[in-house]
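Got your viewer open and a hand on the selection tool? Then let's take a walk through this structure, one stop at a time.

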Amino acid sequence: MNVALRKLLVSSCIAPAIAVGASAAAGADNEVTISHYFTGELGLKILQENVAKFEADTGYTLKDSPIGHEDFKTDILVRAAGGGLPDVFSYWAGARTQFVADSGGLSPIGDMWAREGLDDVVAKAVADSATMYNGERYLVPFNYHYAGMFYNKQVLADAGVMELPTDWDGFLALCETLKSNGVAPIALGSKFRWPAQFWFDYLLLRTAGPEYRAALMDGSAAYDDAEVKEAMEIWRGLVENGYFLPNSNADTWTDASDKVARGDAAMTLMGTWITGYWNGLGLEPGVDYDYFPFPTMREGVANSVVGPIDGLVISSNVQNREGAEAFLAYMMSNADVQSHWTSNYGALSANVNVDSSVYNDVMQRVVGTVAEADTFAFNYDLATPPPVAEVGLSMFQRFMDSPADADAILGDAQVAAAEAFAN
Amino acid sequence: MKSIAEPAEAPGSERPFNPWPAVVFVCLTVLAALFLAPTFGVLMSSIKSKREIAFGQLWTMPTDLFLGNYADVLSNPAVHKYLLNTFLVTAPATAASISLGVLGGYVFAKLPFRGSNLLFLALVSGMFFPPQVILIPLYRLFNSMGLIDTLWPMIIVHTAMGIPICTLLMRNFFATVPNPLRECAIIEGANEWQILVLVALPLSLPALAVLATLQFTWIWNDFLWPLIFTQSDDKRTIMLGLVFMRGQYSVAWGIQGAMSLVASLPTLIVFLFFQRYFIKGMTMGAVKG
Amino acid sequence: MPVAIFSVFVVWPLISSFYYSFTDWNGFDPNYEFVGFENFSKIYKDRLFASAAINTVVWMAAAIVLPTGLGLFLALLIDSRVPGGAVFKSVFYLPICLSAVVVGQVWVWIYQPDWGLLNTTLSYFLSEKFNYAWLAKPESALFSVIAAWSWQQTGLSMVIYLAGLTAIPSDLTEVCELEGSSWWQKVRLVLLPLLAPATVVVIALSVINSLKGFDILFIMTEGGPFNSSDTLAMHMYNESFRKYYMGYGSAIAVVLFLVALTIVWLYFRQLKKVDEIYS
């Protein structure tokens, strides 16, 4: 670490009240520090290729600090608490970014956004839902994902399924056909809880609609409302009809994906990162697997799609603001970087200039599905404040263990959620 | 191994009835097989392709040996750097914590002072709390010292965290060094420092070997401190490298398995190297409570 | 000097953790308020804390019994001059050398319901498909993790007991054999009392490691399903780093520390008793 930066770090810690604008001295310094959770074989390598491009084009050097997904949560909190946040870090758009923004951990990027003309670059639906917090702009959407029903083509063909379901009756009929052919219709890997949230999200969004769901997410509706009960009742019907493979709480999302790939189950409700995973195992998109959107359930309910957005943000104790802004702008607006990153990572770009032909056949159609949707909703654990999300995620897991207790589980969840909101 | 068992049974047949050695041997072999199963699983995961593991073929015998994971791990310059960093943290931290433990142990055992028992109790209770408790304060401390993203915080923290156990074991060991020996040395004009270095330490070599093995293994395998205190890849330790094989949306099982076996070699070598002293060390003092 | 270093890098951070336990700090926000004993009264009402505390006690009890008992058993077998003793020693010690992350993952594969080693073996012997989901059921998750953890700990206990056994003068055991006492009598009446100091060390190390036992639990269940295998360390992690209740997390840490102090105190009383045996 060079001396100037170290001195700055020291001074910023002696006075931990976060000093914005202390970055003047760092102007001479070309180094930008970044911390992110894009690890594993896929993420790290592709990101570094793009970082190299950024360094070559702009002359900044990036000090990269990748940290595994789960450990990232600990690390970033410890660094925030210790006044040592990196200039730039990756974060999940939605309630988590809201939380950091509320706590004064982020620098607004509105000026940069306007200067770089990002309004013309970022898809409007994404920009509206993911980048503004408390009336200020804080985040650029580095990539996003979409959750849909991914299925094994061979299994459906073997069961004689010619047509994919678009409405709920069609979906139930599909499950019945598969079941009578001796294949479990649905795999779910809820061991680490979050994969179950997509079921809750879609069932609620398709029956009660996005407005009610938003109310539930911000605490103005309750988990023991009739709307939530109804959604859980439908879910319970699916489980009790034997449409889900047993022991979903024993499997991770990759276990469930493996079961679909093997043909032990026909489909799984999962985010588009599953395409990156399956392609890595040697499966052929559009040949071995495909997807269909979660079927509609009720007339007159807005068509929502669900998924997470990975964002890049600038911390409030940024040392090299100029460099950090340059990095965000470059990563967002450079269409080559966006194409290369998202198409290899199994994600989608919010950059309107990215030609969707860079994606494989399945992902190209996903782009269409997202474009047709009325609203883009964050998945549950990014839509509701973190302490509440903990309650809900455990609730889904408990439900998968004993679906018959759905009402009691919702009652308990409401008590715990109300407490978490009150805090 | 069966052939070794035969002679063990032979003397049994001379006497009227002594099946013990054979029973014990069989019993141990079965237990050893059970104990090896998980390690065997790691080995299997390291020689299988990702697809095989994903398709539930982990526990079946491989049809052909796939060594690509080992090639990846061993040829990766980052892994060399990780191993070097881990060694650069583990060796000094092991040495420092033991040295300080020796000092502390000697004082508590031979030079008790007012309140020394209370102090000892406080020190030992330091072994028991989970380290997550002090993450944030320590991060602040090292950040204000400008030491974040160097190897120093890890060396320092492992040294500090190792002091209680080292002091405890060394105190118990020194307590067994006969007092007359020390008095003898004092009469001959030695000061406390000379007694420690010339009399007590040579006697305690075995205990030092015990501590060296334990501390080396624990520090080598830790990943919490490196996670918090390092930021750039060239400062990271092998356990972090291992953890980072787990991506947001995928885990490289095979490489993780191969890397973990490579990473466990140094600790195994240290164990085998010190094993002889280890047993003796426990014998001579550490265990005496 | 050791005490000084220890104070700066361990005691001082601990004290600041005490300080945060009286605040509503969320970890990010530099502004926080003092809330007095509110966090502690919250602990009193926290259902998850209660179950995590029970699980921690269960884990500690298991830590005292399992690795200790199994380690002693193995040490006694190896000590009976069995051929290949050195090989066995290394085999049983090997687990400690492997990282908790990988150990946890392999045990997940062992417990895997459909093709895991355990259920495959059970199905073979029962000659019917056995697919119990060990880690997914609240009844068995904690115990399954403890079993995996014990596997890793046993080698440590064994080595310490082996050392203890070699310290026992061989004439004592020969006297037993001359008097024609059985193996069990020898173990119970002679070896066990003489191994008491070793037992104290083994139990202390097991309890320490059980209180810290976090990595393997995190990899295997993350405290799930639905918090049924949470320990206090895991609960503290959840509250501090997932719910961002840093103040409350610190309060849990304080309670954990007080529990640890009590254990150390009991441990010292035990040590004194052992000393009395010797003198």
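**Stop 1: a sheet in chain A.** Select A:Met149 and look across to β10(A), where A:Phe292 stands opposite. (Strands here are DSSP E runs of at least two residues and helices are H or I runs of at least four, both numbered from the N terminus.) A:Met149 and A:Phe292 help you find your bearings, but a word on what you are looking at: this is a predicted model, where local features need pLDDT of at least 70, side-chain atom pairs count only at pLDDT 80 or more, and totals for chains, interfaces and linings use all residues. Residues are numbered from 1 along each chain as its sequence is written, while chains are lettered from A and ligands numbered from 1 in the order in which they are written.

Now select residues 147–152 of chain A, which are strand β7: 4 bridges join β7(A) to β10(A), and the two run antiparallel. (Two strands pair if DSSP finds at least two bridges between them.) In general, strands of a sheet pair through backbone hydrogen bonds, either parallel or antiparallel.

Which order do the strands of this open sheet have? Going across, you meet β8-β9-β7-β10 of chain A, 4 strands with mixed pairing. At the edges sit β8 (184–186) and β10 (289–292) of chain A, each pairing on one side only. On average, neighbouring strands of this sheet are turned by 25° against each other, direction ignored. (Axes are lines fitted to C-alpha atoms, for helices over the stretch in contact, and angles run from 0 to 180 degrees between N-to-C directions.)

Add helix α12 of chain A, residues 253–262, and you'll see it packing on the sheet, where it touches β7 and β9 (265–271) of chain A. The direction of α12(A) makes about 140° with that of β9(A). (Two residues are in contact if their C-beta atoms, placed from the backbone, lie within 7 Å.)

**Stop 2: an odd loop residue.** Stay in chain A and pick A:Asn247, in the loop between α11 (226–240) and α12. A:Asn247 is not a glycine, yet its phi is positive, about 60°. Is A:Asn247 buried or exposed? It is buried, with 24 other C-beta atoms within 10 Å. (Buried means 20 or more other C-beta atoms within 10 Å of a residue's own, exposed means 12 or fewer, and partly exposed is in between; C-beta atoms are placed from the backbone.)

**Stop 3: a covered strand and a core.** Next, select residues 139–144 of chain A: this is β6, and 6 of its 6 residues are buried. β6(A) pairs in the antiparallel sense with β12 (residues 309–314) of chain A over 5 bridges. One pair to click on is A:Val140 with its bridge partner A:Leu312 in β12(A).

Both A:Val140 and A:Leu312 are in contact with A:Leu328, as are A:Val88, A:Ile109, A:Met112 and A:Ile314, leaving aside neighbours within four places in sequence. Which residues have the most contacts inside the largest nonpolar core? They are A:Leu328 and C:Tyr161, in a core of 313 residues. (Such a core is a set of buried Ala, Val, Leu, Ile, Met, Phe, Trp, Tyr and Cys residues joined through C-beta atoms within 7 Å.) Helix α7 of chain C, residues 141–167, gives the most to this core, with 15 residues.

**Stop 4: two helices in chain C.** While you're in chain C, show α3 (residues 47–79) and α12 (residues 232–242): they pack at an angle of about 150°, with their axes 8 Å apart. On the α3(C) side, the contact is made by C:Leu48, C:Phe49, C:Ala52, C:Ala53 and C:Thr56, and on the α12(C) side by C:Leu232, C:Met234 and C:His235.

**Stop 5: chain B.** Switch to chain B, which has 14 helices and 0 strands. Of its 289 residues, 55% are buried. Zoom in on B:Asp149, in the loop between α7 (135–144) and α8 (152–175) of chain B. B:Asp149 has a positive phi of about 70° although it is not a glycine, and B:Asp149 is buried, with 23 other C-beta atoms within 10 Å.

Finally, show chains B and C together: 69 residues from chain B and 71 residues from chain C make the contact. Helix α2 (residues 20–46) of chain B gives the largest share of the chain B side, 14 residues.
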